[in-house]
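User: I have a model to go through and want the reasoning behind each label. Please set values against cut-offs.

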There are 2 protein chains.
Amino acid sequence: MANQTPQTLKGFRDFLPTEKRHRDWIERTIAEVFERYGFAPIETPTLEYASLLTGKYGDEADKLVYTFKDRGDREVGLRYDQTVPTARVLANHQHELPKYFRRYQIQNVFRADKPQKGRYREFKQCDIDLFGSTAPVADAEIIACAYSAYKAIGFTEVAIQVNDRAVLVGTLSSFATTEVSVSSIITTIDKLDKISQEDAIQELVAKGLTQKNAKLAIAAISSAKPSPNLENIIQMTESLGVPSSAINFNPQIARGLDYYTGMIFEVTIPGYTAGSVGGGGRYDNLIEDLSGLSMPAVGMAFGFDRTADAALEMGLIAPSENQTQVLVALIDESTIKDSLKVAQQLREQGYAVEVYPALDKLGKQFKYADEQGIWYVVLLGEEEQKKGVVTVKDMKTGDQTEAANSDLVITISDGFGVSVR
Amino acid sequence: MANQTPQTLKGFRDFLPTEKRHRDWIERTIAEVFERYGFAPIETPTLEYASLLTGKYGDEADKLVYTFKDRGDREVGLRYDQTVPTARVLANHQHELPKYFRRYQIQNVFRADKPQKGRYREFKQCDIDLFGSTAPVADAEIIACAYSAYKAIGFTEVAIQVNDRAVLVGTLSSFATTEVSVSSIITTIDKLDKISQEDAIQELVAKGLTQKNAKLAIAAISSAKPSPNLENIIQMTESLGVPSSAINFNPQIARGLDYYTGMIFEVTIPGYTAGSVGGGGRYDNLIEDLSGLSMPAVGMAFGFDRTADAALEMGLIAPSENQTQVLVALIDESTIKDSLKVAQQLREQGYAVEVYPALDKLGKQFKYADEQGIWYVVLLGEEEQKKGVVTVKDMKTGDQTEAANSDLVITISDGFGVSVR
């Protein structure tokens, strides 16, 4: 491997500590919010029968499912999304699950897609869904939970755009023809955040609408009013803590997927331009289509990679308490054990501590601490041992302080600055 | 799917909320300890080039690797363990990683093995390793970290048995013959916790030792003394907080795998009889064998499933604060919004709160709370709205308390018992 070290496969990624910590922190932060909203975690296998995974979202999707024959000659496949396995769980475990099942699921999925910037073959999905309720309060809970999760990461502004399939269908169905379905018109309308009105009109005309009707359709959707259902949902999200400035009706968003049946929404972070960081909506028929089990549902998916990227771009990073804060240097054989006791004392106080695992020159140990961004080096050599103290070196300022060895307490305030008693 | 719902593949598992929460809690608890010991997380892809995964641990292991041709006709395989991908990461990212790299990794691995009780085709591995140091203090850090992690889960007793490959080889090599290698003798000795001395003697004789030498070999290993290296490591673990009663020299453990080169250890939970819950040791040549990169290493693997089982068996379960604690009932249309505000207030205080997503009869809502093990139901109907209060029902005692709606604070003490101001 040294001479011809294999790399990762294209579209797959290693996460080294800095990035992994950032992602873990995002995941943990989001999951904690989910739990505050009553969502419960589930996990499904990475491998499923291929028959479960294919034939669900059309031929194009089927081509992207990783399938193969296992050693028992079964056609199996890698998890393609989290909705299909969840539909299976709902069907298999119907009687063990709450009537109103709020589940969250954070696992990797696999797509045999062309890798390109921001598109991977293995990536994390992060879904919340509320099953079993058709009430608008369920829609509002999903939106409020999403809003809280983005806020918990630290985004100062979170922008939610909502719409209702009923608004799209109600406004646009009169423009549909035998040739051009309302779905097809909606598909074009959905692009209005990326293409100009002129281009949208062109596209509708190419699909078969008259120039006049294409213009009228776009004018109609631009001035559409929210449905009473949507107004109700928006008001409830406000009661649930979403400021009215953060949630806006946008009659032009359609969220692509055909399976939505009611409210749909999209979340963006103002200032982050790579696209929406999440979205979802109500899909009351999909679970039945997938599993035969009649089950209304409303949910949302976090764009995990984009959310992590956006956080990084805005300087929102994990609190550093998980990284090594203190390096206990080793000076000589005779003081190792006392040094280890100091390390242990600090760990019991909750600090992240490394013991330098070699009797290298002190300069080398300081250099290591510096390179690793470790804040403090604690040393206990023969001199310190005689005096019953330790020396604490602040790697940022270079200051050295002596502290009583017994009952050592290091208080790290404001990230930096040490008070030792 | 309703009529012929596919199940999970044999050897694969769904984790529903109760079990998933238990496992998440174990994982989080262990990971927090790892970080206190300075270990940093990495993540590697689920799929790798098959050439990376095979030819590493022998033909038997190769048969257990899930391999297949992807759509680009590449031979790929599912992660079989975490050591081989980590060796690749060490080789690929050598210059980005610390000289003394403490990494932890918690991911699922895949084995096309015969499923049986306690053996799965997809299961979680949980490894810590310290790369780059040959110092015994590194061995001691691994053992101390493992001990702390089991203690953090709440096990009152944790038993660590340690040995040194040098003890095994030093004691047993004089019994090796051209016919019977010392490795082969060690393999039999390793079984002494499961088979009787007589059976072990039989096995050694069957392998080709004389009856006399078989007996002598077992007697010799039974009375072997720890190596100076091992004594040193044991003493250092004590400085690192492992009580001397918890760590014992056992010259008979060998940890099967040939790749260990020094200290080896095994962790059991007294009272849990299904086997060891973890183990590891020093392996200074393996990373070079795997990747060509010369890199001493010492580490350990948690038996995740067994650790989770043992915890459950001993009544150690996740603190319940992640489960829904409060159900906000919905009484009628006119009080929904005020009810939602109450839900939001409680969430802001950190409680896990569900809003009941339907205007069902109150009895049905209480029943739901009861079935889900939710502690409190908060209601705000027209009467409460007039009085500016909410009613809080303690589902355990049945007691109902009224509390001022504005500035609602519910204090949940000792798990149950509510004080409302």
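Analyst: What follows takes the labels one by one, from the whole chain down to single residues. Note that this is a predicted model.

User: What makes chain A more spread out than a compact globule?

Analyst: Start with its elements: chain A holds 15 helices and 18 strands. Its radius of gyration is 28 Å, and the globule rule gives 22 Å for 421 residues. The value is well over the rule, so chain A is more spread out than a compact globule. The C-alpha trace spans about 95 × 55 × 45 Å along the principal axes.

User: How many of the residues in chain A are buried, and what is the surface made of?

Analyst: Buried residues are 56% of the 421 in chain A. To be counted there, a residue needs a relative accessible area under 20%. The accessible surface of chain A is about 17300 Å². Carbon and sulfur atoms account for 47% of that surface.

User: What share of the contacts in chain A join residues at least 24 apart?

Analyst: The share is 66%, taken among contacts between residues at least 6 apart in sequence.

User: How many charged side chains does chain A have, and where do the centres of the two sets lie?

Analyst: There are 45 positive and 57 negative side chains in chain A. The centres of the two sets lie 3 Å apart.

User: How do you know that the two copies are related as by a two-fold rotation axis?

Analyst: Look at the superposition. Chain B falls on chain A after a rotation of 180 degrees, with 0.0 Å of shift along the axis and an RMSD of 0.0 Å. The two copies are therefore related as by a two-fold rotation axis. In chain B, F68(B) has the C-alpha nearest the axis, at 3.2 Å. Both copies use the same surface, since 100% of the contact residues of chain B recur in chain A.

User: Why is T86(B) called buried?

Analyst: The relative accessible area of T86(B) is 1%. The cut-off is under 20%. T86(B) is therefore buried. This residue belongs to helix α4 of chain B, residues 83–92. Beyond four places in sequence, T86(B) touches I42(B), R103(B), Q105(B) and F131(B). The C-alpha atoms of T86(B) and L290(B) are 9.7 Å from each other, with their positions 204 residues apart along the chain.

User: What makes helix α4 of chain A mostly covered?

Analyst: Nine of its 10 residues are buried. They are T83(A), V84(A), P85(A), T86(A), A87(A), R88(A), V89(A), L90(A) and A91(A). The cover includes β2, α2, β5, β6 and α11 of chain A.

User: Which residues of helix α12 in chain B are buried, and what covers them?

Analyst: The buried residues of α12(B) are F304(B), D305(B), T307(B), A308(B), A310(B) and A311(B). Their cover includes α1, β6, α5 and β11 of chain B. Just after α12(B), G315(B) has a positive phi of about 75 degrees.

User: Why does Q344(B) count as buried, and what does Q344(B) touch?

Analyst: Its relative accessible area is 7%, against a limit of under 20%. Q344(B) is therefore buried. Its place is in helix α13 of chain B, residues 336–348. Q344(B) touches Y37(A), S148(A), S239(A), L240(A) and G241(A), leaving out residues up to four places away in sequence.

User: Why is D73(A) called exposed?

Analyst: Exposed means over 50%. D73(A) has 55% relative accessibility, so D73(A) counts as exposed. D73(A) sits in the loop between β3 and β4 of chain A. Its phi is near 65 degrees, a positive value in a residue other than glycine.

User: How do you know that D73(B) is exposed?

Analyst: The cut-off is again over 50%. The relative accessible area of D73(B) is 54%, so D73(B) is exposed. The loop between β3 and β4 of chain B holds D73(B). Phi of D73(B) is also positive, near 65 degrees.

User: Where is E157(A) found, and which residues is E157(A) in contact with?

Analyst: E157(A) lies in the loop between α5 and β7 of chain A. Leaving aside neighbours within four places in sequence, E157(A) is in contact with I269(A) and P270(A). From E157(A) to L330(A) is 48 Å, C-alpha to C-alpha, and the two are 173 residues apart in sequence.

Methods. Residues are numbered from 1 along each chain as its sequence is written. Chains are lettered from A and ligands numbered from 1 in the order in which they are written. This is a predicted model: local features need pLDDT of at least 70, side-chain atom pairs count only at pLDDT 80 or more; totals for chains, interfaces and linings use all residues. Side-chain values use heavy atoms; hydrogens and water are left out. Helices (H or I, at least four residues) and strands (E, at least two) are DSSP runs, numbered from the N terminus. The radius of gyration is taken over C-alpha atoms; the globule rule is 2.2 Å times the number of residues to the power 0.38. Buried means under 20% relative accessible area, exposed over 50%, partly exposed in between (1.4 Å probe, protein chains only). Contact means heavy atoms within 4.5 Å. Accessible areas come from the Shrake-Rupley method with a 1.4 Å probe; for residues, only the protein chains shown count as cover. Lys and Arg count as positive and Asp and Glu as negative; His and the chain ends are not counted. The place of a charge is taken as NZ of Lys, CZ of Arg, CG of Asp or CD of Glu. Copies are superposed by least squares on the C-alpha atoms of residues with pLDDT of at least 70 in both.
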